[in-house]
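Biologist: I'm new to this one and would like a close look at a single part of it. Could you take me through the side-chain contacts, starting with one charged pair?

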Amino acid sequence: MAAGSTIDALGQFELHPVLGSLGEALRFSQSPLFMLIAVTLVLAFLFIGMRPGAVVPGRLQAAAEICYDSVHKLAIDTMGEKGATFFPFIFALFFFILAGNYLGLLPFSFTFTSHIAVTLALALTVFVISILASLRFQGLGFFKHFMPAGAPVWLAPLLVPIEILSFLSRPVSLSIRLFANMVAGHVLLEVFAGFTIMLASFGFIGHVLAVAPIAINVALTALELLVGALQAYVFAILTCIYLREAIAH
C-alpha cells in the first residue's frame, strides 16, 4: 500500500493478530484464519453442489462434478489405478492451494500461499508421504534408486550423494515455486496500485496518467487468476509424479 510518497509492497505479507483480544491471546493471525476460510469454502462448495444428486445436474452440481472429475483424471492418468488411494490427498491439496491463491486476490484478504512456512509445510507433507509410500510399496528396494541402474560401481561415491541431494531438494523446489509466484504477483499488484494512488495526487494530468497502471493492474489480476490455477495444478501434478515413483518399481 502506498504510504505518502512510498510504496510498501511487502507490508501485505506481514502477520497480525486477528479477532481482537482473543486473537492476540492465541496469537491467531490472518494466515490460519484464511486457511480456515479456504477449507470452509471448498467444503461448502462441494456439499451444496453435490447435495441435489440430480441426474441432470444444475450449474453448481455440474461445476462440482467437473472439479472432481478433472482432479480424478489428473491423479489416475499420472499415477495409474494403483495410485487411486492417494486421490483424496491430491484433491484436498489442489483445492486448498487453489482457494488460497484466489482468496488472496480479494480486497482486504490475505494470501497464505505467499508464506514460505505454509508452502514448505505442504511440500514436506508431500515429501514424507512419498517416502512412506516408497517404503510401503518397495521396501528397502527404495534405496536402490539412489544408485542409477547400469552405472559403474566405482562411480557410487559420486553418484549416490548427487542423487540424495536431488531427492532432498524436492520439497525445497516445490515450496519455493509456489511461494515465489504468489509473492511476485502480489508485489506487482501492490506496486501498480501504489502508482495509481500517487499519480492521482497530481491533479488532472495525474488522473489521466493513472489510467495506465489501472489497466496494467487489471491485466495482472487476470494473469494472477491464471497463475493461481496453474500453480495449484503444478503442485498437484508434481505430487502425483513423486507418488507414482513411490508406488512403481
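Which residue forms a salt bridge with Lys73, and how far apart are the closest N and O atoms?

Modeller: Before we dive in, keep in mind that this is a predicted model. The partner you're after is Asp77: Lys73 forms a salt bridge with Asp77, and the closest N and O atoms are 2.8 Å apart. The two residues are four apart in helix H3, which covers residues 59–79, so about one helical turn separates them. Both Lys73 and Asp77 are exposed.

The structure holds two salt bridges, so let's look at the other pair too. Here the side chains of Glu245 and Arg170 meet, with 2.6 Å from N to O. This pair links distant parts of the chain: Glu245 belongs to helix H9 (residues 211–247) and Arg170 to helix H7, and they are 75 residues apart. As for cover, Glu245 has a relative accessible area of 38%, so it is partly exposed. Arg170 has 18% relative accessibility and therefore counts as buried, given that buried means under 20%.

Now back to helix H3, which has a part in the aromatic contacts as well. The count comes to twelve aromatic pairs. One of them is Tyr68 with Phe91: the ring centres are 6.1 Å apart and the planes sit at 50°, so the pair is tilted. Tyr68 is in helix H3 and Phe91 in helix H4 (residues 87–103), so to speak a link between distant parts of the chain, 23 residues apart. Tyr68 is partly exposed, with a relative accessible area of 39%, whereas Phe91 counts as buried at 12% relative accessibility. Another pair is Phe127 with Phe167, whose ring centres are 5.1 Å apart; the planes are at 45°, so this pair is tilted as well. Phe127 lies in helix H5 and Phe167 in helix H6 (residues 156–168), so the contact ties together parts that are 40 residues apart in sequence. Phe127 and Phe167 are both buried.

Tyr68 and Phe91 turn up again in a bigger grouping: along with Phe87, Phe94 and Phe95, they form one aromatic cluster. There's also a charge paired with a ring to look at. The charged end of Arg136 sits over the ring of Phe137, 5.3 Å from its centre.

Helix H5, where we met Phe127, also shows up on the surface. Ile116, Leu120, Leu124, Val172 and Ile176 make a nonpolar surface patch of about 370 Å². The elements that give two or more residues to this patch are helix H5 (116–138) and helix H7 (170–200), and H5 gives the most, with three residues. Leu120 is found in helix H5, and with 32% relative accessibility Leu120 counts as partly exposed.

Last, a look at the record. In an unreviewed entry, UniProt lists "transmembrane region" for residues 33–50, 86–104, 116–137, 149–168, 188–216 and 222–243. Two of those stretches are worth tracing in the model. Over residues 149–168 the chain is 65% helix and 0% strand, with the end C-alpha atoms 20 Å apart. Over residues 188–216 the chain is 90% helix and 0% strand, and there the end C-alpha atoms are 10 Å apart.

How values were computed. Residues numbered from 1 in each chain as written. Predicted model: local features only at pLDDT ≥ 70, side-chain atom pairs only at ≥ 80, totals over all residues. Heavy atoms only, no water. Patch = residues over 30% accessible without salt bridge, like charges linked within 9 Å, V, L, I, M, F, W, Y side chains within 5 Å. Areas by Shrake-Rupley, 256 points an atom, 1.4 Å probe, with all protein chains shown as cover. Salt bridge = Lys/Arg side-chain N within 4 Å of Asp/Glu carboxyl O. Buried < 20%, exposed > 50% of the residue type's maximum accessible area, 1.4 Å probe, protein only. UniProt positions renumbered as here; feature names shortened; annotations may be inferred. Phe/Tyr/Trp six-rings, centres within 6.5 Å; stacked < 30°, edge-to-face > 60°. Lys NZ or Arg CZ within 6 Å of the ring centre and 35° of its normal.
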